[in-house]
Amino acid sequence: MTVIAPPPLDLEDEEMLVTHSDLVEGPQPMEVARPAEPASTVENQPIEDPPTLKFTWTIANFSRLNTRKHYSDIFIVGGYKWRVLIFPKGNNVDHLSMYLDVADSTTLPYGWSRYAQFSLAVVNQIHNKYSIRKETQHQFNVRESDWGFTSFMPLSELYDPSRGYLVNDTVVVEAEVAVRKVLDYWSYDSKKETGFVGLKNQGATCYMNSLLQTLYHIPYFRKAVYHMPTTENDLPTASIPLALQSLFYKLQYNDTSVATKELTKSFGWDTYDSFMQHDVQELNRVLCEKLEDKMKGTVVEGTIQQLFEGHHMNYIECINVDYKSTRKESFYDLQLDVKGCKDVYASFDKYVEVERLEGDNKYHAEGHGLQDAKKGVLFIDFPAVLQLQLKRFEYDFMRDTMVKINDRYEFPLQLDLDRENRKYLSPEADKGVRNLYTLHSVLVHSGGVHGGHYYAFIRPTLSDQWYKFDDERVTKEDMKRALEEQYGGEEELPQTYPGFNNPPFKFTKYSNAYMLVYIRESDKDKIICNVDEKDIAEHLRVRLKKEQEEKEDKRRYKAQAHLFTIIKVARDEDLTEQIGKDIYFDLVDHDKVRSFRIQKQIPFQQFKEEVAKEFGIPVQFQRFWIWAKRQNHTYRPNRPLTPQEELQPVGQIREASNKANNAELKLFLEVQSGPDLHPIPPPEKLKDDILLFFKLYDPEKAEIRYVGRLMVKSSSKPMDIIGKLNQMAGFASDEEIELFEEIKFEPCVMCEHVDKKTSFKLCQIEDGDIICYQKAPNDKESEWRYPDVPSFLEYVQNRQLVRFRALEKPKEDEFVLELSKLHSYDDVVERVAHKLGLDDPSKIRLTSHNCYSQQPKPQPIKYRGVEHLSDMLVHYNQTSDILYYEVLDIPLPELQGLKTLKVAFHHATKDEVVIHNIRLPKQSTVGDVINELKTKVELSRPDAELRLLEVFYHKIYKIFPPTERIENINDQYWTLRAEEIPEEEKNIGPNDRLIHVYHFTKESGQNQTQVQNFGEPFFLVLCEGETLAEIKERIQKKLHVPDEDFAQWKFAFMSMGRPEYLEDTDVVYNRFQRRDVYGAWEQYLGLEHSDNGPRRAYAVNQNRHTYEKPVKIYN
């Protein structure tokens, strides 16, 4: 599995990779913390290159871990220290989070780096085949000293004792680490080694990359894409055909890996879609359907059908009467069973297997009534390019989850679908077509059901040479690697110490074929055709060659950068243009002024001639000032260049002026104008002269602008230049004005009043300083929002446009407010309440934005939980402009003092369950919950008593005592069930026993049977001497089960998951005497029968993150 780092870097995995955060997904770095000391073992490490090791970490008392992070012991691989880091309750997600960490990262020398491929696993201690394992690779360094999976597995599965991951409160974690030389991976040149280039991974797009490479290497498909009509006015980000043409062109002619961002943008995907791992089969279908639609009415209409479309016939044929029903259907790919099939031929045999419709399942034939019949599928024709989707993922109904089938499954290099007298084909199939296929591509999935990595083995020309396309990396591979090693199944590790009588260690191969592409032998010359530049539209060639040239120019520009100096020249015109529009502080944005790229050895005087040509200012009228960064982080013109400096080469001046040692020299061009506004030679600058810049503020309009500069004597006073300033502002010569010095703006604004009667020197005003002035305040001052320069600059520095979204519609902006970063929590909610027309701002609850997942954070902002708006918008090192809001029915401070519990009330006589949200003060007890519930529910009798149970995966784990406080009750993974206490339990005798009764089914594996509970558990009173026959009668009456169904039920005494089946004459009471079993729920009366009941709606939340989003292409 490959991995990706935080945006915008391009590495990868199934989940989104970012710095540690409250994400929904992914492999990612974490912060460093001190290790704990858990129990762990290391297996012997074979001495080989690369060094590898399997590390086992046994974590006891897992559910009682009260640390957010938990570290394993340190283990050594390749001479490096490693450890495993877990978040037992999830890293701000409801999944277990797990990472591989460089244990001594804080003490390693500067610039350290190491590269490792590794897998992390949580072992299933009941059935090893259900262990969850994820693989990845990463270059560890000081910035990313750990890497792994934020959403490794759902906590609901981990903590469910019936699932086998938590046994006796112990979790077993495995890490397999292989340390490789960094150069082996990162210095590799795919184009040079193979002639092909790879595709960059955007986040979790390896599944898409493997499919795109497969489609690209079907030349007939590539040629058709090139021939789709596009124009020079189309944008690749808005046109799927143009984006695909562009991508294919770059794959064909680029020397380095190609980005897919244009293509995914043309799909209408945002960044978050690129970080969601989807299904290759689904993307393949959606993309082909989209291209088929885009090809309609063009010269390539029908290409998708010609390549990929086949037809089969569904039939039902009566045995005893002459009646047959058929239906022809088309397909672009075939879904083949893996489970129970040893190879592709066995899957095709199963596909066309005949089903008998008889007995209760007879077929209703029109005009003939119910008849015995045969039902099946036969193929009418196969496509030229046959895409076989292998069903490696299946829904396991017994376990109520998706599982990956890693069984061995073989596929041939040549596939003969005419075998055994054309048994797969219908009688009307064209006998002139020879359905002999040769293997073109093998798409591989490495990992488990919760995610993994995709790559492809392809032989582009159907020669013996295979290539592996793994995101950016393309390598040559032999046939064994592409075929046999992708069959799946189990593999034996070579013995570490030959000669010792050690049993061989077998492990399941988690990398196996997931999709196969075959090309028909008779069509291969047509499909593996030549595709060259003449197939590519002229405008596309021009556009893409221009892109390539620009890229080459940038490369060349970069390569030659050390020979040149960039000189950025700011002028009065730039200051006038920018101040008050683009910028408010300092004087200019240097990225928006005219820049010159000058060879370093050119004399500065020669550069001045360039400036004269560009600006029309003769050389003798130019005076240049060097900018300097001050200690307070402002940037101002500092001093004019001396005549001696102007004789030097530009490179020498840059080196002397720029301690940061970048390639830029920033200058201010001072030009003096005469009375006729034409340039004149600048006056000589004496020691007492200082150059000041002036901004004018209009408080009525709340606007500031640049009005010019003056050279003044440091010994003079501001009052000496009042007339000049009024003239520059267009005021009357005797207008009273106030002056302020703009000192700094980071981290806060400093703008101080200037005393007009004190000399500039005593005011510590020097070259490059900025004076802001305005008319002296009058009586109208109170009407103005920002009456003076300091208040206006404070506002500008902290203003923030915030996009507000309703929490239930997290993708849509509802409204935008202009706020201040310094606004308090109360200020913000007051503004939102006012916008919504709400009288009580305390009923507004806000939630921050996760910049990486583009989703609301899981936890809302607590009432006055942050000081300022700026705290609400920050997400680690990123700042957002989005907040989500909710309108509550009660004030937030009151709500935070309450505990909300979701309680499922089971009616005593009606077969219904109603969910109630009970909201009470946190200090309340379970008794208070019951009393509150009584006011909301319908009871079977007015004097009925209620109780509250904790139910988890169809077992009762606890009856809550009425005195227990509700503050610590967790209803996120456990269902809280309320029910009436039956009369028989109230009148329980001294020798009677209250037992647990659960429903179950059995799942048979190869060597073992697993019990799977389902349905609603309940209690039953056992009387001394009572037989199973008597108990059955009571259970049937309680559950209202019809006789015919109940006759199929089996009854078993269950202890630690093992059933002991009971006979009607057995005295059940005697079985429930032992008290040494851990937990009452592990000893129960089991009712074995099929699970036909509807699933309760509230159970959905227990697996709410186990299903992936569907693939959508929006454009």
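1. A strand, as the word is used here, is a DSSP run of E with at least two residues, and strands are numbered from the N terminus. By that reckoning, Leu994 belongs to strand β54, which covers residues 993-1004. Please keep in mind throughout that this is a predicted model.

2. Let me stay with Leu994 for a moment. Together with Ile959 and Ile988, Leu994 makes a nonpolar surface patch of about 210 Å². How accessible is Leu994 itself? Its relative accessibility is 33%, so Leu994 counts as partly exposed, a class that runs from 20% to 50%.

3. Now the chain as a whole. The protein chain has 1115 residues, and 52% of them count as buried. The secondary structure comprises 27 helices and 58 strands. The accessible surface of the chain comes to about 53,000 Å², with carbon and sulfur atoms holding 48% of that area. If you like contact statistics, take the contacts with a separation of 6 or more: 67% of them join residues 24 or more positions apart.

4. Strand β6 (residues 95-102) deserves a look in your viewer. Which strands pair with β6? One is β5 (residues 80-87), which runs antiparallel to β6 and is joined to it by 6 bridges. Another is β9 (residues 146-154), also antiparallel to β6, again over 6 bridges. To find the register, use Phe87, which stands opposite Ser97 in β6, and Met98, which stands opposite Phe149 in β9.

5. Is β6 enclosed or open to the outside? Of its 8 residues, 8 are buried, each with under 20% relative accessible area, so β6 is largely enclosed by the rest of the structure. As background, side chains in a regular strand alternate between the two faces of the sheet.

6. Helix α6 (residues 240-253) offers a neat geometry check. With 14 residues at 1.5 Å a residue, α6 should span 20 Å, and its end C-alpha atoms are 20 Å apart, so the two values agree. As for burial, 13 of the 14 residues of α6 are buried, and therefore this helix is largely enclosed by the rest of the structure.

7. Finally, a word on Glu329, which lies in strand β12 (residues 324-331). Its relative accessible area of 30% is why Glu329 is classed as partly exposed. Which residues does Glu329 touch, leaving aside neighbours within four places in sequence? The contacts are Gly310, His311, His312 and Asn314. For His311, the C-alpha separation from Glu329 is 5.6 Å, although the two are 18 residues apart along the chain.

Technical notes:
Residues numbered from 1 in each chain as written. Predicted model: local features only at pLDDT ≥ 70, side-chain atom pairs only at ≥ 80, totals over all residues. Heavy atoms only, no water. Buried < 20%, exposed > 50% of the residue type's maximum accessible area, 1.4 Å probe, protein only. Helix = DSSP H or I, 4+ residues; strand = E, 2+ residues; numbered from the N terminus. Pairing = 2+ DSSP bridges. Contact = heavy atoms within 4.5 Å. Areas by Shrake-Rupley, 256 points an atom, 1.4 Å probe, with all protein chains shown as cover. Expected span 1.5 Å × (residues − 1). Patch = residues over 30% accessible without salt bridge, like charges linked within 9 Å, V, L, I, M, F, W, Y side chains within 5 Å. Salt bridge = Lys/Arg side-chain N within 4 Å of Asp/Glu carboxyl O.
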